[in-house]
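Dear colleague,

I am passing on the structure we spoke of, together with some notes on what came out of going through it. Please read them with the sequence and coordinates open beside you.

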Amino acid sequence: MIRRLLTVAVLLAVALSQGQDAPSTESLLAPFKFRSIGPAVTGGRIVDIEVPASRPNTIYAASASGGLWKSVNGATTWTPVFDDQKTISIGDVAIAPSDPDVVWVGTGEHNNQRSAHFGDGVYRSLDGGKTWKNMGLPESNRIGRIAIHPRDPKTVYVAACGYLYKPGGDRGVYKTTDGGETWSKVLSGDNDTTGFIDVVVDPRNPKTVYAAAYDRLRRAWNIRDAGPGSKIYRSNDEGKSWKPIMEGITKSDQIGRIGLTIYPKNPRILYAVVDNRDRAIGTEVYRTDDGGDHWMKAHETRGPSTSYYYGQIRVDPNDDKVVYNLDVSMTRSKDAGKTWQRVDSRIHVDHHALWINPADSDQLLLGNDGGLYRSYDQGATWQFLDNLPVAQFYAIGADNAVPYNVMGGLQDNGVWHGPSRTRSPSGIANKHWINLIGGDGFYAVPDPEDPNTVYTSSQFGAVVRADVEKRQSVGIRPRGPGQRANWMSPFLTSPHNARIVYWGGNRLYRTLDRGTTWDAISPDLTTNDADKLKGNVPHCTITTVDESPKKAGVLWVGTDDGNVWVTQDGGVNWTQVDYNIAGAPRWWVSRVVASPHDAATAFVTFTGFREDEFQPFLFRTTDFGATWTALHQNLPKEQVSVVRQDRINPNLLFVGTETGCHVSLDGGKTWTRFMAGMPTVACQDLLIHPREGDLVVGTHGRGVFIANVSPLRQLTEDVLKKDAHLFQPDRALAYNPISDMFDAFQAHQRYAAPNPPSGATIAYYLRTAADSVTVVVTDVSGAELATIDGAKTPGINVVQWNMRQGGRGLVPAGKYRVALKVGDKTESRVLEVEDWQR
């Protein structure tokens, strides 16, 4: 690395206008914009695919938590069309058969997954997704299906599931005849845990409507995915009256999710896939040839499988004997359900959506946990459409490489590792990301002294130490009697010794040798609730761990049953402190974060995600948990997943919630939504890179976003009182882009995320509007390299210097002196330019 000391003067000539107010928070945050770094190669759960019959190249692909995407060129390129709504978790999409511009979206994923996010009703677009209006049913929480009248686009049926984690909500089949202006509940379930998962309208006789009820209730420690309320109904009078149609279906009080499909050429033919939780019965596929008066079991031997996570069945629109069932695998029957064969070779598992081209049954579009696939031969071979950036991150990390890498775990797509920027002119492409492990991926913690080593994990505590270069990993999970581990078990390296790693099960473990040997350093820190331990989901486990960067051995722990503990002596003695938190719920502790400024200070967040409760909970202690202060008063009503305090500016806080990211510039007294460049999306994890000053956000649905927040880290009360201020610029990387003529020849389907702007970023603050702002860059001899006119508006402003020396290429590496002149006053800063690759 070449370094040379230069003197660079950046002259900021500012003539300030008088009599104007100090900048607003909005003007202070105005220049900060997130950029997505993807990835798209990882895919992400696709829950519905719809194509208007009259526009076969127009595709709508619904991501479980990443919004609605539209392509008008057969999946060559995509545009997100639902990003600005209050939630982008989607259960279903429907297109009016009589008008392809009328599109409905039901929000809230209907799959009963632990990572399924909530919705706020149904939306309608009258212009093919350009604009949207919420049409009601706000307490539906999750939508199973939307069915539109074949000739009247204003008549719509909605199968509303209701809450997942508690009874109640808008459960039932709802109908509108005026395009959603008013609704009637036309069908209710048998009890307050029964909602509706499917609804189908006869395309030839729309007076006939079918609906599938689903009786289920999930808790953090248990899922009941069947009940007496699950059954199939039919109406012959447009929803005015209904009756169950279960003749021929095995009688059971353990029926779970039911999926329906209707054959359009003869709508008296329907198939139903019935999840029976009685193990002696299992999944059954039924067919009716008389509109549901009688059902016949299609298979004599054991048929395909399904569960609460699937429940989708499709009949070929051109052949009533060809049926597809979507489950962990996708199977097809060519004999009306008698026998089944897999048709999902060499693609991801866990299938949720299937579109069959009515004009050509060989063409399929398939959505699963891995993204979107296309087949032109009925599933014999498949093409992965890897240009949708809908990665569902649970947690993220970042190393100290130059430039740094981001890594993180994803829902059912393992752990991935990719660069924060590249030298490629097109940006960060799929090829720049590498997979470290499979399964469901979670925390990814790089060794702070060795970027090649990453500690990471898959579900229920399977922690490994991965070698990035070799693409190999070694399991290092500690073992102990009576051990329980969370779905997303936490671990971290000590900020005081990189060889020390902590891992949380129901007790806290510590290794002094990078995972070779472990010792338990706590008792069971959970409630050890006997009733909850009887559930079918591991519970009473540690969910979050942190160690004070200021004092070794000060450890904080939070659990999924609401406990918060602290030790000040490395685990010798523990103190339970959650009962000191006035107003705290006995819910899942989503984060406990030790302050980088004071060993006695920590932050804790509780989430009602697994309670279907939405109020935020964020608290701070400054005395090792003896007393606590609530910091959530000004946060919106949504669950909090994570909080971070900046290590430079103690008043700078960020939180990630179920629909976005928020910032506080005053230590949590007030909060402002901080989302420029980012869609509405669940922000599951975030970090502030210690060297670069980047805020890195891991979202559950849209991958990773980065915004440089260095000026905010330097924004003190003293700075705000000044007329003008030049912030210390971050180190700038000097590099030449990769020369690759074929980079421009990759056509339009390739996905690439943008690099940050090249050159040096220089930020400054103006208390009031200025008459003129000029940035002048000079070298050590005083020769002028660049003159840049800057914005004159109050707040924080940014200029970009390209680091060019006229026609002589990039400036040499070295330390640059920066001077800010306001009238007769001058400030000095140093700008460091470092060679990356030339």
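The largest cavity in this predicted model has a volume of about 330 Å³, and it is one of four cavities of 30 Å³ or more that were counted. Its lining is made up of 20 residues, and those that lie nearest the centre of the cavity are Met488, Trp588, Ser590, Arg610 and Gln684. As to the character of this lining, its residues divide into eight nonpolar, eight polar and four charged. Two strands, β50 (588-594) and β54 (640-645), each supply at least two residues of the lining of the largest cavity, and of the elements that contribute, β50 gives the most, with four residues.

Elsewhere in the chain there is a sheet that you may wish to look at separately. This open sheet consists of four strands in the order β21-β22-β23-β24, and the pairing is antiparallel. Because β21 (255-262) and β24 (296-297) stand at the edges, each having a single partner strand, one side of each is left without a neighbour in the sheet. For β21 that partner is β22 (residues 270-276), and the two strands pair in the antiparallel sense over six bridges. Within this pairing, isoleucine 262 stands opposite leucine 270 in β22.

With best regards

Definitions and conventions: Residues numbered from 1 in each chain as written. Predicted model: local features only at pLDDT ≥ 70, side-chain atom pairs only at ≥ 80, totals over all residues. Heavy atoms only, no water. Pairing = 2+ DSSP bridges. 1 Å grid on protein atoms, 1.4 Å probe; cavity = no way out; pocket = protein on both sides within 12 Å on 5 of 7 lines; lining within 4 Å. Points joined across faces, edges and corners; volume = space filled by probe spheres on them. Nonpolar A, V, L, I, M, F, W, Y, C, P; charged D, E, K, R; others polar.
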